[in-house]
Amino acid sequence: MPTLPREQPEPSPASPHEARRMAESFGTDAERYDRARPGYPDALVARIVAASPGVDVLDVGCGTGIAAHQFRAAGRTVLGVEPDARMADVARGRGLQVETATFESWQPAGRTFDAVVAAQSWHWVDPVAGPAKAAQVLRPGGLLAIFGHVYEPPAEVAEPFAAAFRRAVPASPLNAQPARRPLQLYRAGYEKFAEGIRESGRFGEPEQWRFDWERPYTRDQWLDLLPTTGGLTRLSPDQLSEVLDAVGAAIDSLGGRFTMNYTTLATTAAVRTGC
């Protein structure tokens with residue numbers, strides 16, 4: 001499920017985890033991704049740590065290690081699994097141990113963990129194989145925690161973005177979507193994750209967590225982040241410039257800054273004993 005503005009799918013994919021070109025586009029500018037993307041609420045990290053039976057964490061689709069470093073700061077030992085070598089290289093450069101593979105193809109070689117986390121990445125994982133693989137590598141009572149942000153800027157920023165995107169990419173299927181989408185759409189995606197976990201038969205009843213927070217952005221900070229989002233990672237330079245110019249002008253009209261109201265959603269479940 002998209003958790004960033006305009007996470008653009010492949011044309012008519014059977015499901016998001018099969019949209020490999022989009023999944024692999026985020027490493028186009030991995031350094032920018034690492035610099036611009038926000039971290040996760042401390043309360044979320046603390047709750048995952050408290051619910052896990054030990055210190056070993058497997059970070060699925062770890063990207064550049066944004067979430068992993070928060071877990072390391074909380075005293076956890078983290079191994080990342082990341083299919084994009086460019087993203088993995090940045091994470092290693094920041095001191096994270098990373099193995100380059102998709103989660104489905106990754107070989108645990110007998111290793112087990114107290115928590116399997118997936119930050120902004122589980123929608124790229126096969127919905128059947130993913131929960132089964134997580135259960136395989138979790139110790140008794142271990143926690144699967146899937147989480148991500150809902151990015152919905154204020155209408156004064158979102159609507160100029162949507163209009164510019166329609167001009168720049170008129171054939172995109174994303175143009176049928178409203179400029180701002182209801183939170184319920186994102187929550188439905190996390191409930192779908194929960195359904196996959198239930199259907200695996202390997203976990204207890206999933207829980208849904210929600211964390212609301214806000215962050216101020218200057219014009220330059222938001223324009224630094226936008227090219228890392230799914231709808232923009234594959235635009236041509238001219239298309240990207242058109243979108244960024246329009247969004248920049250909108251933020252200028254607000255005094256050069258705005259406040260983003262974030263919601264971070266999570267689906268969590270503890271593996272059943274004996275799984």
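This section describes the fold, the nonpolar cores and two backbone outliers of a predicted model.

The protein chain contains 10 helices and seven strands. Of its 275 residues, 55% are buried. Contacts reach far along the sequence: among those between residues at least 6 apart, 78% join residues at least 24 apart. The chain exposes about 11700 Å² of accessible surface. Carbon and sulfur atoms account for 51% of that area.

The largest nonpolar core holds 29 residues. Tyr40, Leu44, Ile48, Phe71, Leu96, Val117 and Phe147 touch the most other members. Both helices and strands feed this core. Helix 2 (30-36), helix 3 (42-51), helix 4 (66-73) and helix 5 (85-93) each supply at least two residues, as do strand 4 (113-119), strand 5 (138-150) and strand 6 (207-218). Leu44 illustrates the packing. Leaving aside residues up to four places away in sequence, Leu44 touches Phe147, Trp209, Phe211, Thr264 and Ala266. A further core, of 28 residues, lies apart from the largest one. Its members include Phe103, Leu144, Tyr190 and Phe193.

Two residues other than glycine have positive phi values. Ala109 has a phi of about 50°. It sits in the loop between strand 3 (97-100) and strand 4. Ala109 is exposed, with a relative accessible area of 71%. For Gln120, phi is near 60°. Gln120 belongs to the loop between strand 4 and helix 6 (129-137). Its relative accessibility is 10%, so Gln120 counts as buried. The two loop residues thus contrast in their surroundings: Ala109 is exposed, whereas Gln120 is buried.

Terms used. Residues numbered from 1 in each chain as written. Predicted model: local features only at pLDDT ≥ 70, side-chain atom pairs only at ≥ 80, totals over all residues. Heavy atoms only, no water. Core = buried A, V, L, I, M, F, W, Y, C linked by side-chain atoms within 4.5 Å. Buried < 20%, exposed > 50% of the residue type's maximum accessible area, 1.4 Å probe, protein only. Helix = DSSP H or I, 4+ residues; strand = E, 2+ residues; numbered from the N terminus. Contact = heavy atoms within 4.5 Å. Areas by Shrake-Rupley, 256 points an atom, 1.4 Å probe, with all protein chains shown as cover.
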